[in-house]
Amino acid sequence: MALTPQDIARIANLARLELKPDESERMLTQINGFFGIVEAMQAVDTTGIEPMAHPVAAIQDITLRLRPDVVSEPNQRDLNQRSAPAVERGLFLVPKVIE
């Protein structure tokens, strides 16, 4: 997949960015270069290869130090929501922004 200068202009418009022509060209080159790397990685046959749990595992054996999944903080929902302008049944109420 390769982007065109029109694609870069549209993305910049959606992101509300104003790119100069040289910046737009540089972005086009960089993003298309990134897509080239992704395509090369997708072309590699990984059948039968087990995913790594950690990137360092490729060069040395590591044991992940996982902590127990236990509650470590008291429930302070009411205290935390005390300063909120509007709360209902433990949820923050916010104005509707999308119609």
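In the predicted model, Ser24 makes contact with Ile8 and Leu19 once its neighbours within four places in sequence are set aside. Ser24 belongs to helix α2, and its relative accessibility of 18% places it among the buried residues, because the limit for that class is under 20%. Of its two partners, Ile8 falls within the span of helix α1, which covers residues 5–14, while helix α2 itself covers residues 21–42.

The loop between α1 and α2 holds Arg16, a residue that is not a glycine and yet has a positive phi of about 60°. Most residues other than glycine have a negative phi. Arg16 is also exposed, with a relative accessibility of 73%. A second case of this kind is provided by Arg89, where phi is near 50° and again positive in a residue other than glycine. Arg89 is located in the loop between β1, residues 87–88, and β2, residues 91–92, and its relative accessible area of 74% makes it exposed.

The search for aromatic pairs, carried out over the whole structure, returned one. This pair consists of Phe34 and Phe35, whose ring centres are 6.1 Å apart and whose planes meet at 50°, an arrangement classed as tilted. The class follows from the angle, because planes under 30 degrees apart would count as stacked and those over 60 as edge-to-face. Phe35 has a relative accessibility of 21% and is therefore assigned to the partly exposed class, since the buried class requires a value under 20% and the exposed class one over 50%.

Several of the residues examined lie in the loop between α2 and α3, the latter helix covering residues 77–81. Ala43 is found in this loop and is exposed, with a relative accessible area of 66%. Between the C-alpha atoms of Ala43 and Ala84 the distance in space is 51 Å, for a separation of 41 residues in sequence. Thr47 has its place in the loop between α2 and α3 as well, and at 69% relative accessibility it counts as exposed. The side chain of Thr47 is joined to that of Asp45 by a polar contact of 2.6 Å.

Leu66 is likewise placed in the loop between α2 and α3, and its relative accessible area of 74% puts it in the exposed class. Together with Ile62 and Leu64, Leu66 forms a nonpolar patch on the surface, and the accessible area of these residues together comes to about 290 Å².

In helix α3, attention falls on Gln81, which is buried, because its relative accessible area of 9% is under the 20% limit. With neighbours within four places in sequence left aside, Gln81 is in contact with Val87, Gly90, Leu91 and Phe92. One of these partners, Gly90, also takes part in a polar approach, in that its backbone oxygen lies 2.7 Å from a polar atom of the Gln81 side chain. Val87 falls within the residues assigned to β1, and Leu91 and Phe92 within those assigned to β2, so that the contacts of Gln81 connect helix α3 with both of these strands.

Methods. Residues numbered from 1 in each chain as written. Predicted model: local features only at pLDDT ≥ 70, side-chain atom pairs only at ≥ 80, totals over all residues. Heavy atoms only, no water. Phe/Tyr/Trp six-rings, centres within 6.5 Å; stacked < 30°, edge-to-face > 60°. Buried < 20%, exposed > 50% of the residue type's maximum accessible area, 1.4 Å probe, protein only. Patch = residues over 30% accessible without salt bridge, like charges linked within 9 Å, V, L, I, M, F, W, Y side chains within 5 Å. Areas by Shrake-Rupley, 256 points an atom, 1.4 Å probe, with all protein chains shown as cover. Salt bridge = Lys/Arg side-chain N within 4 Å of Asp/Glu carboxyl O. Helix = DSSP H or I, 4+ residues; strand = E, 2+ residues; numbered from the N terminus. Polar contact = N/O pair within 3.5 Å; in protein donor to acceptor, adjacent residues only side chain to side chain. Contact = heavy atoms within 4.5 Å.
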